[in-house]
Amino acid sequence: MMTLSLAVRNLLRNRRRSLATLLAMAIGSTSILLFGGYSTNINYTMHTEYVQTGGHLQIQHRDFYLYGSGNPTAYGIADYAQIMAAIQGDEVLRGMVLVATPTLQFGGIAGNYAANVSRTIIGNGLVAEDINRMRRWNGFNLRTSSPAFALEGAPADAAIVGTGVARVLQLCEALKIARCPKPEKEPIPAGNALPDDIAQLSLQETLAAPAVANSPRRIEVLAGNSKGAPNVTSLDVIRAEEQGFKELDEVYVMMHLAKTQQLIYGNSPPKVTSIILQLRHSEQIAAATARLAPILAKFSAKQPLAVLDFRTLNPFYVQTIQLFDTIFGFIFALIGAIVLFTVSNTMNTAVVERTVEIGTLRAVGLRRGGIRRLFVTEGALLGLCGAVLGVVLALVLSAVCNQMGLTWSAPGSVEPLPLTLRVWGETGMILGTTLGLICIAILSAWWPAYRAAQLNVVDALRHV
């Protein structure tokens, strides 16, 4: 207690220097915490977006993730309805799983033959009602909300395409898409009739043929069915949505699952390429994966199944978080070095100014360990006060910024998002930063304290 009291008095003796050191540490702590809050918000935003669109877990054929992009339907899951029923009937998983929904991915060609254009696509069949339920997940209480999925309640032949698909297929005017340039060279008019070969493949769409000829939003999708033969269906594009990445935006088409299964499997038993599972909390991923293992083992005799979490399915998310963690570590190291030299300089100056005082203390019986404790305590007090002040400033500044209505664009997001600096509630980050800076301050005070303790008593007393 005496050492603490003396340390406080010594710091107050030269208030200007102590205050300058304190402010330098506080500004460093504030900078670390504000960037950490920004990085945390990016993590939570991307985490939420991927969970809303692809769930926490996906059940797939074991080889679908590695090879399915070439021929997705070759890795279909049979008996998917029984698998979903078994999951929903499990007493443990029933309390974890919010949404369990099947999807069917396929590759094909989409054409707007009235405009004489076509392109390769990646199609995805979805259950619209389930997708809307998934989009309501908000495990981190973000100040954002996802738009409703337009396929819910839409006709069976409705589809949503990426804006890049709409641009290439020249659907911008029909879909009223802003900022969608037209090609400089107009396509050669080819009439509204489908090519003969496509018309032959589309006999099952005969009743819709007049609509195909008259609707400017109609496209034809050609894909290989489960037996390898080509099949075609006619779709009414009701909306174009940006997908965040140009490569995906120019190939992506979303359809109703039933329509997709009809295109791929016809009258054969339908399959899906994935079963998406969205959990109540992200912390349940490990427990849910372990619980799924014995259930899937019953269905894996003829089709090896695997469970992949959203981090494995989205390596871009993992790479982005690793990048920001690396930047955060670099900033902490940089500011830590500044704190180290600032406190060290302050303590060295104090040792020089108080050389006679150190000699007097040693002369009256204070041991070298007592001198070291005194200066180290002063450094620790500077670190503690500076770090605590930095936490208070970071909380105040983050609250002010969060109320200013600032926005930013997350990687892969097409809509501006509210800029939120998540400092409040991030106890681990606050404690880690505070303890780290205190340790750096103690370390920077140790060498001056050691030098002070090693001073010769006689030389110290006659120091001028």
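**Exercise 1. Decide whether Ser344 is buried or exposed, and find what surrounds it.**

Step 1. In this predicted model Ser344 has a relative accessible area of 17%, and the classes are buried under 20%, exposed over 50% and partly exposed in between, with a 1.4 Å probe and protein chains only; Ser344 is therefore buried.

Step 2. Ser344 belongs to helix 15 (residues 315–353), where helices (H or I, at least four residues) and strands (E, at least two) are DSSP runs numbered from the N terminus.

Step 3. With neighbours within four places in sequence left aside, Ser344 is in contact with Ser444 and Pro448, contact meaning heavy atoms within 4.5 Å.

Because the model is predicted, local features need pLDDT of at least 70 and side-chain atom pairs count only at pLDDT 80 or more, while totals for chains, interfaces and linings use all residues. Residues are numbered from 1 along each chain as its sequence is written, and side-chain values use heavy atoms, with hydrogens and water left out.

**Exercise 2. Describe how helix 2 packs against helix 17.**

Step 1. Two packed helices are described by the angle between their axes and the distance between the axes. For helix 2 and helix 17 (residues 368–402) the angle is about 45 degrees and the axes are 7 Å apart; axes are lines fitted to C-alpha atoms, for helices over the stretch in contact, and angles run from 0 to 180 degrees between N-to-C directions.

Step 2. Helix 2 is therefore oblique to helix 17, since angles under 35 degrees count as roughly parallel, over 145 as roughly antiparallel, 65 to 115 as roughly perpendicular and the rest as oblique.

Step 3. The crossing of helix 2 over helix 17 is right-handed, that is, the near helix is turned clockwise from the far one by less than a right angle.

Step 4. Among the residues that meet are Ser18, Leu22 and Leu33 in helix 2 and Gly383, Leu389 and Leu397 in helix 17. By class, this contact of helix 2 with helix 17 holds 14 nonpolar, eight polar and no charged residues, where Ala, Val, Leu, Ile, Met, Phe, Trp, Tyr, Cys and Pro count as nonpolar, Asp, Glu, Lys and Arg as charged, and the others, Gly among them, as polar.

**Exercise 3. Apply the same description to helix 16 and helix 17.**

Step 1. Helix 16 (residues 355–363) packs on helix 17 at about 140 degrees, with the axes 10 Å apart, so helix 16 is oblique to helix 17.

Step 2. Ile358, Leu361 and Arg362 in helix 16 meet Arg368, Ile371, Leu374 and Phe375 in helix 17, and the residues of this contact divide into five nonpolar, no polar and two charged.

**Exercise 4. Which residues touch the most other members of the largest nonpolar core?**

Step 1. A nonpolar core is a set of buried Ala, Val, Leu, Ile, Met, Phe, Trp, Tyr and Cys residues joined through side-chain atoms within 4.5 Å. Of the 63 residues in the largest one, Ile83 and Leu277 touch the most other members, and helix 2 (residues 15–54) supplies the largest share of this core, six residues.

Step 2. Not counting residues up to four places away in sequence, Ile83 touches several residues, including Ile59, Ile275 and Phe299.

**Exercise 5. Locate Asn141 and state its phi.**

Asn141, found in the loop between helix 6 (128–134) and strand 4 (158–162), has a positive phi near 55 degrees although it is not glycine, and at 65% relative accessibility Asn141 counts as exposed.
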